[in-house]
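Let's take a walk through a protein model together. Have the sequence and the 3D view ready, and follow along as we go.

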Amino acid sequence: MLAFSAAQAGQVEEGAGTLTAPEGPVILTIKGNIEQFNTAQEARFDRAMLQALPQHSFETGTPWTEGSSAYSGPLMRTLLEHVGLSGDNTENSVHVSALNGYEAQIPISDFYEYDVILAVEREGKSIPIREYGPLWVLYPFSQDKALLSEKMRFRAVWQVMQINVR
């Protein structure tokens with residue numbers, strides 16, 4: 001009924017899956033090997049949609065910030081499952097693109113091995129662009145020293161704008 005109502009309101013394009021359309025500015029686009037859409041072939045999210053997903057929090061330091069901070073946002077595995085990727089696809093990867101042009105390939109298995117979040121808040125507030133926001137693929141660095149390796153640091157993409165599931 002909700003999908004029918006949204007389609008009637010012109011918020012969801014024909015052929016789209018069951019995701020609702022963003023009402024605010026789009027801050028994340030997910031495309032590629034997904035099953036749920038709110039446009040022809042993409043899942044677009046505004047801040048409210050991301051915050052409506054189950055949130056996960058942890059406190060961690062990072063190689064780029066001073067001290068330790070509390071971060072929160074949906075687990076990356078939860079976000080990918082929300083757009084129709086199942087846990088059976090852990091051999092696949094995501095290609096994450098940032099506002100500043102940085103790109104990284106991240107194995108989906110990371111999201112099941114670690115509690116990686118798409119951080120939308122630090123210390124209970126939105127993360128400004130100049131401070132690695134508005135979205136940050138963030139590993140719990142303080143919980144496992146192995147995450148501080150160069151390989152893992154390169155996967156912690158800040159200023160995330162797009163995820164392409166492969």
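R77 and D115 form a salt bridge, with their closest N and O atoms 2.6 Å apart. R77 sits in helix 3 (residues 76-82) and D115 in the loop between helix 4 (109-113) and strand 7 (117-119), so this pair ties together parts that are 38 residues apart in sequence. A quick word on the label: a salt bridge here is a side-chain nitrogen of Lys or Arg within 4 Å of a carboxyl oxygen of Asp or Glu. Helices (H or I, at least four residues) and strands (E, at least two) are DSSP runs, numbered from the N terminus.

Before going on, keep in mind that this is a predicted model, where local features need pLDDT of at least 70, side-chain atom pairs count only at pLDDT 80 or more, and totals for chains, interfaces and linings use all residues. Residues are numbered from 1 along each chain as its sequence is written, and side-chain values use heavy atoms, with hydrogens and water left out.

How many salt bridges are there? The count comes to four, and the table shows three pairs, including the one we started with.

| Acidic residue | Basic residue | Closest N and O atoms |
|---|---|---|
| D115 | R77 | 2.6 Å |
| D110 | R155 | 2.8 Å |
| E131 | R122 | 2.6 Å |

Are these residues buried or exposed? Buried means under 20% relative accessible area, exposed means over 50%, and partly exposed is in between (1.4 Å probe, protein chains only). R77 is buried at 18%, while its partner D115 is partly exposed at 28%. R122 is buried at 14%, and E131, at 30%, is partly exposed. For the D110 and R155 pair, both residues are buried. D110 belongs to helix 4 and R155 to the loop between helix 5 (150-153) and strand 11 (160-165), so this pair ties together parts that are 45 residues apart in sequence.

Now for the sheets. Strands of a sheet pair through backbone hydrogen bonds, either parallel or antiparallel. Two strands pair here if DSSP finds at least two bridges between them.

One open sheet has five strands in the order 2-1-11-5-6, with mixed pairing. Strand 2 (42-45) and strand 6 (103-107) stand at its edges with a single partner strand each, so one side of each is left without a neighbour in the sheet. On average, neighbouring strands of this sheet are turned by 20 degrees against each other, direction ignored (axes are lines fitted to C-alpha atoms, for helices over the stretch in contact, and angles run from 0 to 180 degrees between N-to-C directions). Strand 1 (residues 28-32) runs antiparallel to strand 2, and four bridges join them; I30, for instance, has A43 in strand 2 as its bridge partner.

At the other end of that order, strand 5 (residues 93-98) and strand 6 pair in the antiparallel sense over five bridges, and V94 has I106 as its bridge partner. These two strands make a hairpin with four residues between them, and G101 in the turn has a positive phi of about 90 degrees. Look at how strand 6 alternates: A104 and I106 point to one face and are buried, while E103, Q105 and P107 point to the other and are not.

A second open sheet has four strands in the order 3-4-8-9, and its pairing is antiparallel. Its edges are strand 3 and strand 9 (125-126), each with a single partner strand, so one side of each lacks a neighbour in the sheet. Strand 3 (residues 56-61) and strand 4 (residues 68-73) are joined by six bridges, and their hairpin has six residues in between, with G67 in the turn showing a positive phi of about 65 degrees. Strand 4 also pairs with strand 8 (residues 121-122) over two bridges. Here Y71 stands opposite R122, the residue that meets E131 in a salt bridge.

Y71 also belongs to an aromatic cluster, together with W64, Y114, Y132, W136, Y139, F141 and W158. The whole structure has nine aromatic pairs. Rings of Phe, Tyr and Trp (its six-membered ring) pair if their centres lie within 6.5 Å; planes under 30 degrees apart count as stacked, over 60 as edge-to-face and the rest as tilted. The rings of Y132 and W136 have centres 4.9 Å apart and planes at 35 degrees, so that pair is tilted. W136 is buried, at 0% relative accessibility.
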